[in-house]
Amino acid sequence: MSLHVAPINGTHIHYAQTGPKDGPVLVFSNSLGTDFRIWNDVVAGLSDRFHIVTYDKRGHGLSGVGDAPYDVALHANDLIGLLDYLGLDQVILCGLSVGGLIAQKVTEQQPHRVRGLILCDTAPKLGDYDGWNSRIEAIKADGIEGLGDAIMERWLSPDYRANRPHETALYRDMLVRTPVAGYIGTCVALRDGDLRDSAPKISVPTLCVCGSADLATPPDVVRAMADMIPDATFELIDGVGHLPCLEAPDVLTRLIDRFTKEKNLV
């Protein structure tokens with residue numbers, strides 16, 4: 001897998017491509033406080049038949065922070081700009097948490113471009129105004145480090161944290177090393193982002209996935225999103241938290257594979 005950087009909307013976006021150039025294009029958009037490495041195991045299971053793009057949204061990973069704070073439209077326009085830069089027209093989008101919100105916004109703005117959606121542990125509206133403001137103020141006071149353990153409890157199931165302490169520590173490090181301006185900037189985007197009016201207008205095949213132990217976007221929230229989107233499919237992954245790509249990559253890979261085949265996206 002080769003790593004690249006693209007000049008997008010006044011900053012630089014770090015991305016990677018793998019898989020056959022003539023394969024159907026599958027784009028992964030990651031969650032708040034993570035970089036695109038969270039998809040590695042899923043990418044490995046799909047890269048023989050998909051042309052896969054992973055990227056770090058602005059303010060995360062090796063991408064630039066740019067002008068913060070952000071909104072969901074800016075994050076979506078970054079992804080659209082990256083697709084333009086790469087010359088990719090027809091894509092399947094897979095987004096996790098805020099990445100799912102970004103995928104929904106891209107679909108709203110450029111419905112002709114999106115062939116299918118895989119929305120993992122996300123919703124058209126994530127959290128509430130006061131909750132995001134409380135998190136922003138806590139990070140301003142104590143940095144991301146101060147919330148690191150609490151966020152791990154929302155990200156990862158109790159079993160995973162107990163049985164895989166070293167991996168848990170690694171993902172905690174990924175979180176706390178996120179640029180504060182990028183993290184808070186995206187918190188503002190989540191606080192103000194609301195696509196509930198757009199969800200019923202989604203007209204592409206959509207798979208909604210949630211971990212049964214997700215404390216950030218509980219299954220009822222994700223199931224409600226699936227009910228809003230015409231003909232969407234809902235799948236629950238038992239025993240995992242907010243990041244099924246880390247806890248159950250084989251299961252998520254199988255769900256993506258089955259969905260894309262059933263909907264004739266491959």
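Tutor: Let's start with a term: a residue is buried under 20% relative accessible area, exposed over 50%, and partly exposed in between (1.4 Å probe, protein chains only). This is a predicted model, in which local features need pLDDT of at least 70, side-chain atom pairs count only at pLDDT 80 or more, and totals for chains, interfaces and linings use all residues. Residues are numbered from 1 along each chain as its sequence is written, and side-chain values use heavy atoms, with hydrogens and water left out.

Student: Which class does E167 fall into, buried, partly exposed or exposed?
Tutor: E167 pairs with R164 in a salt bridge, with N and O 3.3 Å apart. R164 has 36% relative accessibility and so is partly exposed. E167 is at 28%, so its class is also partly exposed.

Student: How many salt bridges are there?
Tutor: Side chains of opposite charge can pair when their charged atoms come close. The rule asks for a side-chain nitrogen of Lys or Arg within 4 Å of a carboxyl oxygen of Asp or Glu. Counted this way, the salt bridges number 16.

Student: Are R58 and D78 buried or exposed?
Tutor: The two residues form a salt bridge, and their closest N and O atoms are 2.5 Å apart. R58 sits in the loop between strand 4 (51-55) and helix 2 (72-86), while D78 belongs to helix 2, so their pairing ties together parts 20 residues apart in sequence. Here helices (H or I, at least four residues) and strands (E, at least two) are DSSP runs, numbered from the N terminus. As for exposure, R58 and D78 are both buried.

Student: Which residues make up the network that includes K261 and D257?
Tutor: K261 and D257 form a salt bridge at 3.1 Å, N to O, and they lie four residues apart in helix 11 (residues 249-262), about one turn of the helix. K261 has a relative accessible area of 48%, so this residue is partly exposed, whereas D257, at 16%, is buried. Through salt bridges that share partners, one network joins D48, R49, D257 and K261.

Student: How far apart are the end C-alpha atoms of helix 11?
Tutor: The expected span of a helix is 1.5 Å times one less than its number of residues. Helix 11 has 14 residues, so it should span 20 Å. The model agrees, because the end C-alpha atoms of helix 11 are apart by 20 Å.

Student: Which residue with a positive phi follows helix 11?
Tutor: Within helix 11, the buried residues are P249, L252, T253, L255, I256, D257, F259 and T260. After the helix comes a residue whose phi is positive, near 55°, and that residue is N264.

Student: What span should helix 7 have?
Tutor: Helix 7 covers residues 165-176, which makes twelve residues at 1.5 Å each. Its end C-alpha atoms are 16 Å apart, and that agrees with the expected span, 16 Å.

Student: Which helices do the buried residues of helix 7 pack against?
Tutor: The residues in question are T168, Y171, R172, M174, L175 and V176. Contact means heavy atoms within 4.5 Å. The packing partners of these buried residues are helix 5 (148-155) and helix 8 (180-192), together with helix 6 (158-163) and helix 10 (244-247).
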